[in-house]
Every structure is written in structure tokens, then in C-alpha cells.
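Work through the exercises below with the sequence and the structure side by side, and try each task before reading its solution.

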Amino acid sequence: MKKINIETWHRKQTYLFFKDFDYPKFSITVDLDISSFYKWVKKENVSFYFAMIYLVMKQMNQVEAFKYRIINQEVFLFDSVHPSFTDQIPGSDHFKIVNSPYHDDLKEFINQAKLKSISQGDLFINIDEETRHDFVYFTTFPWAKFTQVTHAYHHAKSDAIPRICFGKFIDIDNKKVMPFSIEVHHGVLDGLHVGRFIEHLQEQLLTYENQL
């Protein structure tokens with residue numbers, strides 16, 4: 001990672017404006033067409049949850065704006081970011097938070113994420129890893145379709161870690177549609193970045209039509 005010189009940073013004015021807001025974040029929720037991607041996941045017999053996390057991470061690691069973090073009032077740009085996701089503990093109604101490295105290969109990423117979750121057992125969270133800032137937080141709400149999401153966290157104006165949630169998909173006009181929510185820090189990126197990210201993510205989801 002590298003430290004950003006705020007004085008010469010192209011986002012200086014925007015960052016200084018938003019950084020001291022009581023709540024400097026914004027969130028967007030959209031519906032994504034996952035029809036072809038869902039068919040591909042079923043054909044390949046891979047986890048939809050982990051495959052979706054992979055696609056999001058792939059897109060975020062290609063966009064500089066999603067790799068900025070604020071640490072001790074300084075801005076840093078990470079070389080890459082990695083997922084921190086909730087996962088259900090087998091045989092229970094409880095969940096845990098698992099951190100796993102991003103990998104360029106989808107199936108290798110899924111394998112590593114599964115192994116990390118298994119090795120963690122029923123431990124809720126690995127506190128030693130929570131000092132890292134190069135995460136993107138993921139959760140899912142597969143029990144109902146939603147149009148808006150909030151997250152639980154300590155009130156920290158400098159928390160620039162993106163938060164992702166996706167939910168139950170439903171059939172509409174012969175398409176599988178899934179709600180997708182993204183929350184980000186306005187000091188380090190704008191709606192334009194989120195909009196382009198969502199467009200590219202949707203394009204990636206549709207490219208799986210050619211792999212069926």
C-alpha cells in the first residue's frame with residue numbers, strides 16, 4: 001500500500017468536505033439480473049455465495065477508488081482488497097465472520113474460502129485479523145427480497161471499508177433478479193464510481209450466457 005499526499009490528491013476538496021460528517025457514507029440498492037450466472041453456477045456445481053463474492057472482488061480490485069482506506073486520519077491506497085464474509089456455522093442458526101484472500105481464479109478462490117471457513121470452526125471472529133483495513137465486508141439475506149439495508153458497526157467517520165449485501169432472488173419476466181446493496185465512504189469515492197461498478201458487475205453477470 002502507499003500513503004496518499006492529501007495536498008496533491010485529486011480528491012482533496014471532496015475528501016476534506018466529507019471526512020468530518022457525522023455519517024460520511026452513502027448506500028445504493030439495485031436489482032441485478034443473475035439469470036445466466038445462476039445457470040452457470042448450477043452447471044459448474046459451485047457455491048453461488050462465494051462465486052458472487054468473487055465477482056464483486058474482481059471488479060473492486062480493478063478500480064482504484066474502492067481500494068482507498070482511511071487510517072489514523074491518513075488516506076492509503078492498497079494494492080488489493082480481500083473479502084470478509086459472514087458464513088453460517090453448520091448444524092446451527094449461528095453465523096461467523098471469515099476472512100479469506102482474494103484470488104484471480106474463481107474456483108481457486110472458492111476453494112480457499114471454503115477451507116478458511118472450515119478451519120475456523122465455530123469461532124465467531126478472529127479478532128487478531130480485525131486490525132486489517134484491506135477488507136470488503138460481505139453478508140447475505142437470502143430469506144426475503146429487500147429494497148434497503150443498514151449495517152451494524154461502531155460509529156467511526158474514518159471507516160472506509162465497503163459493505164456489500166445481496167438477498168433473495170425472485171423470478172420476474174423469465175429472469176432471476178436479486179437485490180444488491182453497496183455502502184461506501186463518500187470521502188474516497190462518489191456515486192459515479194458506484195454506478196460504473198454496478199454497470200460492470202451486471203455486464204460480468206451477463207457474460208456467463210456465453211459459457212453455458
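**Exercise 1: a residue in a loop**

Asn61 is found in the loop between helix H3 (48-60) and strand E3 (68-71), where helices (H or I, at least four residues) and strands (E, at least two) are DSSP runs, numbered from the N terminus. The model is predicted, so local features need pLDDT of at least 70 and side-chain atom pairs count only at pLDDT 80 or more, while totals for chains, interfaces and linings use all residues. Residues are numbered from 1 along each chain as its sequence is written, and side-chain values use heavy atoms, with hydrogens and water left out.

Task: decide whether Asn61 is buried or exposed, and describe its surroundings.

Solution. Begin with the accessibility: buried means under 20% relative accessible area, exposed over 50%, and partly exposed in between (1.4 Å probe, protein chains only). Asn61 has a relative accessible area of 15%, and therefore counts as buried. Next, look for contacts, that is, heavy atoms within 4.5 Å: not counting residues up to four places away in sequence, Asn61 touches Lys67, Ser80, Val81 and Tyr102. Finally, the side chain of Asn61 reaches the backbone nitrogen of Val81 at 2.8 Å.

**Exercise 2: a second loop residue**

Task: find where Trp9 is located, and which residues it is in contact with.

Solution. Start with the position: Trp9 lies in the loop between strand E1 (2-3) and helix H1 (12-18). Its relative accessibility is 7%, so Trp9 is buried. Leaving aside neighbours within four places in sequence, the residues in contact with Trp9 are Ile4, Tyr15, Tyr68, Val75, Gly187 and Val188. With Tyr68, the side chain of Trp9 makes a side-chain to side-chain polar contact of 3.3 Å; such a contact is a pair of N or O atoms within 3.5 Å, and within protein one must be able to donate a hydrogen and the other to accept it, while residues adjacent in sequence count only if both atoms are side-chain atoms.

**Exercise 3: the sheet**

Task: work out in which order the three strands form the open sheet, and why one side of E1 and of E3 is left without a neighbour.

Solution. First, the order is E1-E4-E3, with antiparallel pairing, where two strands pair if DSSP finds at least two bridges between them. Because E1 and E3 stand at the edges, each with a single partner strand, one side of each has no neighbour in the sheet. Then turn to E3, which four bridges join to the antiparallel strand E4 (residues 74-77); the bridge partner of Arg69 in E4 is Phe76.
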